[in-house]
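Here is a short walk through one protein model, meant to be read with the structure open beside you. Feel free to rotate the view as you go.

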Amino acid sequence: MSLKKYKATLEEMINGPESSTPFLNSDRGHNAVVMQVILDKAAHIKMFCGELSIFRKEFKDKVEASYPIDNEGQEIMDGLKCALDKFLRDGKKLEIIMEHPFLDLFYADEIYKNTLREYSIKGNIELYRIKNGEQSVKMGVARNHFTVADNKMYRQEIKADRHEAICCLNNTTNAEILSNYFDSLKHLLAEPIPLT
């Protein structure tokens with residue numbers, strides 16, 4: 001299925017009775033589409049990830065290479081950037097816990113570094129890292145990465161290396177479980193990433 005058709009299907013689904021039906025997200029392109037739809041609809045997003053790959057140039061390049069026909073990959077990635085910018089400009093909240101943060105957070109990727117820095121300083125983005133990855137893994141923290149929004153939408157990875165995930169646009173039960181897990185991670189095992 002093309003990314004444009006996938007996006008149109010999700011936009012229809014979010015407003016219909018099937019919004020509580022889980023669906024498969026099968027690759028980086030689908031990941032970008034799901035995240036764009038969540039950014040367009042949510043007010044508060046919590047993300048537990050490895051290295052924030054969805055907002056990095058390497059991810060963008062791979063989506064564009066995987067969907068070259070009619071520049072579909074580029075269009076989706078440009079849409080993701082616009083959705084993130086609008087989400088933050090509108091004063092919404094993005095909390096991120098990274099399991100393996102890259103060392104040079106604000107200079108690792110030229111397409112998002114200014115956005116990350118500006119909105120972290122303004123307080124719209126809160127960035128955290130797991131304090132001690134090795135110890136956290138021993139404690140059972142190495143759970144699949146996920147994004148949860150407004151305690152009803154979620155994307156939970158089942159195969160991180162291929163960006164496969166189970167998603168749902170309206171399931172408060174599962175979303176609240178993920179949201180509570182995120183809060184526990186943040187309070188027990190995470191620390192803020194310094195902005196300097």
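The notes below look at a helix, two helix pairs and one buried residue in what is a predicted model.

## Helix H1 and its two faces

Let's begin with H1, which runs over residues 3-14. Its twelve residues should span 16 Å at 1.5 Å a residue, and the C-alpha atoms at its ends are indeed 16 Å apart, so the expected and modelled lengths agree.

Leu-3, Tyr-6, Lys-7, Leu-10, Met-13 and Ile-14 of H1 are buried. These residues lie on the same side of H1, because they cover an arc of only 125° around the axis. That fits a general pattern: an α-helix has 3.6 residues a turn, so residues three or four places apart point the same way. Turn to the other side of H1 and you will find Lys-5 and Glu-12 exposed.

What do the buried residues of H1 pack against? Their partners are strand E1 (23-25), helix H2 (28-41), H3, H4 and strand E6 (153-159).

## H1 against H2

One of those partners, H2, deserves a closer look. The axes of H1 and H2 are 10 Å apart, and the two helices pack at an angle of about 35°. Their crossing is right-handed.

From H1, the contact is made by Leu-3, Tyr-6, Lys-7, Leu-10, Glu-11 and Ile-14. H2 contributes Gly-29, His-30, Val-33, Val-34, Gln-36, Val-37, Asp-40 and Lys-41. By type, the residues of this contact divide into seven nonpolar, three polar and four charged.

## H3 against H4

Next come H3 (residues 57-66) and H4 (residues 72-89), whose axes come within 7 Å and cross at roughly 145°. The crossing of H3 and H4 is right-handed.

On the H3 side, Phe-59, Lys-60, Val-63 and Glu-64 make the contact, while H4 supplies Gly-73, Gln-74, Met-77 and Asp-78. The residues of the contact of H3 with H4 divide into three nonpolar, two polar and three charged.

## Phe-146 and its surroundings

Finally, find Phe-146 in strand E5 (residues 146-149). Is Phe-146 buried or exposed? Its relative accessibility is 1%, so Phe-146 counts as buried, the cut-off being under 20%.

Which residues is Phe-146 in contact with, leaving aside its neighbours within four places in sequence? They are Lys-46, Met-47, Phe-48, Arg-155, Gln-156, Leu-178, Tyr-181 and Phe-182. You can also check the spacing of Phe-146 and Ala-160: 14 residues apart in sequence, they are 9.9 Å apart in space, C-alpha to C-alpha.

Notes. Residues numbered from 1 in each chain as written. Predicted model: local features only at pLDDT ≥ 70, side-chain atom pairs only at ≥ 80, totals over all residues. Heavy atoms only, no water. Axes fitted to C-alpha atoms, helices over the stretch in contact; angles between N-to-C directions. Helix = DSSP H or I, 4+ residues; strand = E, 2+ residues; numbered from the N terminus. Left-handed = near helix turned anticlockwise from the far one by under 90°. Contact = heavy atoms within 4.5 Å. Nonpolar A, V, L, I, M, F, W, Y, C, P; charged D, E, K, R; others polar. Expected span 1.5 Å × (residues − 1). Buried < 20%, exposed > 50% of the residue type's maximum accessible area, 1.4 Å probe, protein only. Arc of directions from axis to C-beta.
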